[in-house]
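Subject: Structure handover

Hello,

Here is the structure for you to look over. My notes on the ligand site and the enclosed space follow it.

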Amino acid sequence: QYPLDVREYLYKILVIGDVSTGKTSIIKRYVHNIFSMNYKSTIGVDFALKVIQWSPDTVIRLQLWDIAGQERGNMARVYYKEAIAALVVYDVTRPKTFEAVKRWKADLDSKVSLPEALGGGPIHTILLANKIDLQENGNGSPNAEEMDLFCQEHGFLKWFATSAKDNSNIEDAAQFLLEEIMATE
Ligand code: GDP
Ligand code: MG
């Protein structure tokens, strides 16, 4: 059949969380498959685009918004506008960054929601427990039951233990989020 009818979707996805939790590293890993120990800290917001051939007739363009960790507050409403999904990132070696997750989620929910046509609820959000490669002897590693409960209570669809350094679970997390998004289309 010719021409093939290709459907294209453009999605804005936010990557938020405290400073130095690995947001930029996760995006670089996901989009370019690279890792560096010294990314300059993000100022304001950075963008990355990833194009995905979702199926033979469906292309997804993901616009990833890499938001500086200090930006919860005034500018956030502008940055969050029209996002359909979010990754909230914390650093498993720094408990304070996990405490901040609730504040990031609350901030998100207060400033952005799905379009009316999709029901207007909170945007699709997952939690990334990053730098899992630094965990020694399971010390401080997330307890699966506690994390599941935390996700239920705070409106995260799911959590993933990730490492941008070792490239673990980032692709899986993104795939899960995309499936959630596509299921509501
Ligand atoms: P951001 O401020 O949230 O964007 O954090 P960055 O991506 O700039 O990362 C902060 C620091 O943590 C950098 O030195 C990264 O190399 C390092 N980093 C990020 N992700 C990982 C990871 O999964 N494992 C390890 N060991 N280091 C990481
Ligand atoms: Mg950054």
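**Ligand 1 and its contacts**

Thr24 has a polar side-chain atom 2.9 Å from an oxygen atom of ligand 1. Please keep in mind that this is a predicted model. Two further polar contacts can be listed beside that one. In Lys131, an N or O atom of the side chain is 3.0 Å from an oxygen atom of ligand 1. With Ala164 the partner is a polar backbone atom, which lies 2.8 Å from an oxygen atom of the ligand. Ligand 1 taken alone exposes 580 Å², and the protein buries 91% of that area.

The shell around ligand 1 has 19 residues, and those that come nearest are Ser20, Lys23, Ser25, Met37 and Asp133. By class, the shell divides into six nonpolar, eight polar and five charged residues. Helix α1 provides the largest share of this shell, with three residues.

**The largest pocket**

Where does ligand 1 sit? It sits in the largest pocket. That pocket holds about 500 Å³ of space. Its lining counts 27 residues, of which Ser20, Thr21, Gly22, Ser25 and Lys131 are the closest to its centre. Lys131 is thus named twice here: its side chain is 3.0 Å from an oxygen atom of ligand 1, and it is among the residues closest to the pocket centre.

Both α1 and β3 supply at least two residues of the pocket lining. The largest share, three residues, comes from α1. In terms of class, the lining has eight nonpolar, 13 polar and six charged residues.

**The cavity**

Apart from the pocket, I looked for enclosed space. How many cavities of 30 Å³ or more are there? The count comes to one. The volume of this largest cavity is about 140 Å³. It is lined by 16 residues, and Tyr30, Leu64, Leu87, Ala174 and Leu177 are the closest to its centre. Two or more lining residues come from each of β1 (7–17), α1 (23–32), β3 (58–67), β5 (124–130) and α5 (170–183). Among these elements, α5 gives the most, with six residues.

What is the class make-up of the cavity lining? All 16 residues are nonpolar, with no polar and no charged residues. The lining of the largest pocket, by contrast, includes 13 polar and six charged residues.

Two elements appear in both linings: α1 and β3 each give two or more residues to the cavity, and each supplies at least two to the pocket.

Regards

Key
Residues are numbered from 1 along each chain as its sequence is written. Chains are lettered from A and ligands numbered from 1 in the order in which they are written. This is a predicted model: local features need pLDDT of at least 70, side-chain atom pairs count only at pLDDT 80 or more; totals for chains, interfaces and linings use all residues. Side-chain values use heavy atoms; hydrogens and water are left out. On a 1 Å grid over the protein atoms alone, a cavity is a set of points where a 1.4 Å probe fits but cannot get out, and a pocket is an open set with protein on both sides within 12 Å along at least five of seven lines; lining residues have an atom within 4 Å of a point. Grid points are joined across faces, edges and corners, and a volume is the space filled by probe spheres set on the points. Helices (H or I, at least four residues) and strands (E, at least two) are DSSP runs, numbered from the N terminus. Ala, Val, Leu, Ile, Met, Phe, Trp, Tyr, Cys and Pro count as nonpolar, Asp, Glu, Lys and Arg as charged, and the others, Gly among them, as polar. A residue is near a molecule or strand if one of its heavy atoms lies within 4 Å of it. A polar contact is a pair of N or O atoms within 3.5 Å; within protein, one must be able to donate a hydrogen and the other to accept it, and residues adjacent in sequence count only if both atoms are side-chain atoms. Accessible areas come from the Shrake-Rupley method with a 1.4 Å probe; for residues, only the protein chains shown count as cover. A molecule sits in a cavity or pocket if more than half of its atoms lie within 2 Å of its grid points.
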